[in-house]
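Trainee: Got a minute? I'd like to go through this one with you, starting with the terms.

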Amino acid sequence: MIKVGNDYVVQANDKCILKVGSRRRAAQLISDATDLLNALAVVESPKIVAPEAPSLQRETPELP
């Protein structure tokens, strides 16, 4: 987090992510984002394998 004029800019990997007018609000947003990212790391995605072919065949339209 860096101060630019009267605002605070949140950076990640030298990229500006968010500009906030309050240092306290910027710190709270960083904390919330960190908590969310940590929560995502704990959750494992289910191992769902998609079938290679569709389960239903598409009907060919009847032309007059």
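Mentor: Accessibility terms come up early here. Buried means under 20% relative accessible area, exposed means over 50%, and partly exposed is in between (1.4 Å probe, protein chains only).

Trainee: Where does M1 sit, and is it buried or exposed?

Mentor: M1 is in the segment before β1. Its relative accessibility is 42%, so M1 counts as partly exposed. Strands here are DSSP runs of E, at least two residues, and helices are runs of H or I, at least four residues; both are numbered from the N terminus.

Trainee: What is M1 in contact with, leaving aside its neighbours within four places in sequence?

Mentor: Contact means heavy atoms within 4.5 Å. On that basis M1 touches Y8, V9, V10, R23, A26, A27 and I30.

Trainee: And how far apart are M1 and K19?

Mentor: The C-alpha to C-alpha distance between M1 and K19 is 9.3 Å, with 18 residues of separation in sequence.

Trainee: Before we go on, what kind of model is this?

Mentor: This is a predicted model: local features need pLDDT of at least 70, side-chain atom pairs count only at pLDDT 80 or more, and totals for chains, interfaces and linings use all residues. Residues are numbered from 1 along each chain as its sequence is written, and side-chain values use heavy atoms, with hydrogens and water left out.

Trainee: What does the confidence look like?

Mentor: pLDDT is the predictor's confidence in each residue, from 0 to 100. The chain averages 80, and 77% of the residues score at least 70. Among the elements, β1 has the highest mean, 87, and helix α1 (residues 23–42) the lowest, 85.

Trainee: Now the fold. What is the pattern along the sequence?

Mentor: It reads β-β-β-α. That comes to one helix and three strands.

Trainee: How are the strands ordered in the sheet?

Mentor: The sheet is open, ordered β1-β2-β3, with antiparallel pairing. Two strands pair if DSSP finds at least two bridges between them.

Trainee: Which strands stand at the edges?

Mentor: β1 (2–4) and β3 (15–20) do. Each has a single partner strand, so one side of each is left without a neighbour in the sheet. The twist averages 35 degrees from one strand to the next. For that angle, axes are lines fitted to C-alpha atoms (for helices, over the stretch in contact), and angles run from 0 to 180 degrees between N-to-C directions.

Trainee: How many bridges join β2 to β3?

Mentor: Five bridges join β2 (residues 7–12) to β3, and the two run antiparallel. Y8 has V20 as its bridge partner in β3. For V9, the partner in β3 is K19.

Trainee: What links those two strands?

Mentor: β2 and β3 form a hairpin with two residues between them. N13 lies in that loop, and D14 is in the loop between β2 and β3 as well.

Trainee: What about their phi values?

Mentor: Phi is positive at N13, near 55 degrees, and N13 is not a glycine. D14 is also a non-glycine with positive phi, about 60 degrees.

Trainee: Are N13 and D14 buried or exposed?

Mentor: N13 is exposed, at 79% relative accessible area. D14 is exposed too, at 76%.

Trainee: Last topic, the whole chain. What share of it is buried?

Mentor: Buried residues make up 8% of the 64 residues. Among contacts between residues at least 6 apart in sequence, 9% join residues at least 24 apart.
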